[in-house]
Amino acid sequence: MLVRSRALTACAAVTLAAAAGGCTTTTTTPSVNSGTLSVYLSVPPGQHSSETQDVLSAERLAFQQAGAQVAKFKIKLVQFQGAKLSDTARQAIGDGSTIAYIGEIAPGTSEQTIGITNGEDILQVSPTDTAVEETQSTPAISNSPNRYYESLSTNNRTFARVVPTDALEAKALVAEMQARGVKELYVVSDGSAYGNALAYAVKTDAAPAITIASSPQAAQAAFYAGSSTSGAAALFNQVAQANPTVKLFAPSALYDAAFVSALSAAAQRNLIVSSPGFTASDLTAQGKQFVSAFQTAYRHAPAPQAIFGYEAMAAVMAVLHNLGSSAGSRSNMVHAFFKIRNRASVLGTYSINSNGDTSIAPFIFSRVKAGALAPYKAVQEQG
């Protein structure tokens, strides 16, 4: 029996199995009744940084390694790049074979698609979106996280991630600031929900050990909460010119070669960027195997974020294989993913809680070396 259906017009996607052209009208249902289950991979619009490319490549690698047959179902990977992220989510819900959606990469961007997939009870898993407001309440964003879910009362939570939230990243950042002797900190947000929530978390965690300064001139360090490379570069270049010894801190959204290249030499010298990830020596045995497989497949070492892309896809594929003949139910997929407990993975052993968040929080700190970000320290933050 079909509980709900929705018809819409969607443009074709490029898949690993076949190329489809034109626009078609399709219908989504709570269960997939065909012999094919599609896992959608969201490709961000526009040009991609090398870091984003590595996350996408790692997702594809995990799919290829998992095998494309589960019980009676053929598993198909559909990669779609729309003019907007929401285009990809709407393409997914318009495809009656969709069983899961590997979602957004940039922090804060899942807010554009969570509601769309939630409305159709489709599991959405983000590899690297750390924005806390998407899964937890924060005073910085009213009615978070419920505001992002279209059908929360009907379908409950359908969004999860394998990356720790920026609430834990804020704790790691403040600890590193204290370790570097910071007593006065200037904090600025780019005005986005992601930036505002992150700025709030850093200010809250900093008190009372670190004083929040009203201007960069009165501070030993500056922190930019947001994802705008131009905004962060402008601030950091200005601050570094006025005070060559100022410490500059940036979050995972700015772990980007384009951001580093926009900085002056003085700003590069003083920059510290936090990001979920591992140093080479801190990788698990499975993590080292991933790095080796990635290098063999793509002829270069993966960016630190890539391992989370691999695990996002690997976890979804593992759930599909565990469900077997029951894998055609979207509800089963959501419930099974949220019941992940003590999963041994490339990230280490972790569980997923009722919010959709992971139980482990590995972070790295990086500095500029030879014009590129290079990790120098790894920490495991406690929730």
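In this predicted model, Ala66 touches Met317 and His321, leaving out residues up to four places away in sequence. Ala66 is found in helix α1. The C-alpha atoms of Ala66 and Ala318 are separated by 7.7 Å, although the two residues are 252 residues apart along the chain. With a relative accessibility of 28%, Ala66 counts as partly exposed.

**Helices α1 and α10**

Helix α1 covers residues 50-66 and packs against helix α10, residues 285-298. Two packed helices are described by the angle between their axes and the distance between the axes. Here the angle is about 100° and the axes are 11 Å apart. The two helices α1 and α10 are therefore roughly perpendicular to each other. On the α1 side, the contact is made by Asp54, Ser57, Ala58, Arg60, Leu61 and Gln65. On the α10 side, Phe290, Ala293, Phe294, Ala297 and Tyr298 take part. By type, the residues of this contact between α1 and α10 divide into seven nonpolar, two polar and two charged.

**Nonpolar cores**

The largest nonpolar core has 51 residues. Val39, Ile75, Phe290, Met313, Leu320 and Phe337 are the residues with the most contacts inside this core. At least two core residues come from each of β4 (36-42), α1, β6 (73-80), β7 (98-102), β8 (123-126), α10, α11 (306-323) and α12 (330-338). Helix α11 gives the most, with 12 residues.

What is Val39 in contact with, leaving aside its neighbours within four places in sequence? The list comprises Ile75, Lys76, Leu77, Val78, Ile99, Ala100, Ile102, Met313, Met317 and Leu320. Apart from the largest core lies another core, of 26 residues, with Ala201, Ala206, Ala221 and Ala253 among them.

**Aromatic pairs**

Five aromatic pairs are found in a search of the whole structure. In one of these, the rings of Phe278 and Phe308 have their centres 6.4 Å apart and their planes at 15°, so the pair is stacked. Phe278 sits in the loop between β14 (271-276) and α10, while Phe308 is in helix α11. The pair links distant parts of the chain, 30 residues apart. Both Phe278 and Phe308 are buried.

Phe290 and Tyr310 form another aromatic pair, with 5.0 Å from centre to centre and 50° between the planes; this pair is tilted. Phe290 lies in helix α10 and Tyr310 in helix α11, so this pair ties together parts that are 20 residues apart in sequence. Phe290 and Tyr310 are both buried. One aromatic cluster is formed by Phe290, Phe294, Tyr298 and Tyr310. Phe290 thus appears in several parts of this account: it is in the contact with α1, and it belongs to the residues with the most contacts inside the largest core.

**Gln268**

Gln268 has its place in helix α9, residues 265-270. Leaving out residues up to four places away in sequence, Gln268 touches Val260, Ser261, Leu263 and Val368. The C-alpha atoms of Gln268 and Lys369 are separated by 8.8 Å, with these positions 101 residues apart along the chain.

**Backbone geometry**

Most residues other than glycine have a negative phi, and most peptide bonds are trans. The table lists backbone exceptions in this model.

| Site | Feature | Value |
|---|---|---|
| Ser144 to Pro145 | cis peptide bond | omega about 0° |
| Ala207 to Pro208 | cis peptide bond | omega near -5° |
| Ala71 | positive phi, not a glycine | phi about 50° |
| Asn342 | positive phi, not a glycine | phi about 50° |

Where do these residues lie? Pro145 lies in the loop between β8 and α4 (152-155). Pro208 lies in the loop between α6 (193-206) and β11 (211-212). Ala71 belongs to the loop between β5 (69-70) and β6. Asn342 is found in the loop between α12 and β15 (343-345).

The accessibility of the two positive-phi residues can be added. Ala71 is at 48% relative accessibility and therefore counts as partly exposed. Asn342, with a relative accessible area of 60%, is exposed.

Technical notes:
Residues are numbered from 1 along each chain as its sequence is written. This is a predicted model: local features need pLDDT of at least 70, side-chain atom pairs count only at pLDDT 80 or more; totals for chains, interfaces and linings use all residues. Side-chain values use heavy atoms; hydrogens and water are left out. Axes are lines fitted to C-alpha atoms, for helices over the stretch in contact, and angles run from 0 to 180 degrees between N-to-C directions. Helices (H or I, at least four residues) and strands (E, at least two) are DSSP runs, numbered from the N terminus. Angles under 35 degrees count as roughly parallel, over 145 as roughly antiparallel, 65 to 115 as roughly perpendicular and the rest as oblique. Contact means heavy atoms within 4.5 Å. Ala, Val, Leu, Ile, Met, Phe, Trp, Tyr, Cys and Pro count as nonpolar, Asp, Glu, Lys and Arg as charged, and the others, Gly among them, as polar. A nonpolar core is a set of buried Ala, Val, Leu, Ile, Met, Phe, Trp, Tyr and Cys residues joined through side-chain atoms within 4.5 Å. Buried means under 20% relative accessible area, exposed over 50%, partly exposed in between (1.4 Å probe, protein chains only). Rings of Phe, Tyr and Trp (its six-membered ring) pair if their centres lie within 6.5 Å; planes under 30 degrees apart count as stacked, over 60 as edge-to-face and the rest as tilted.
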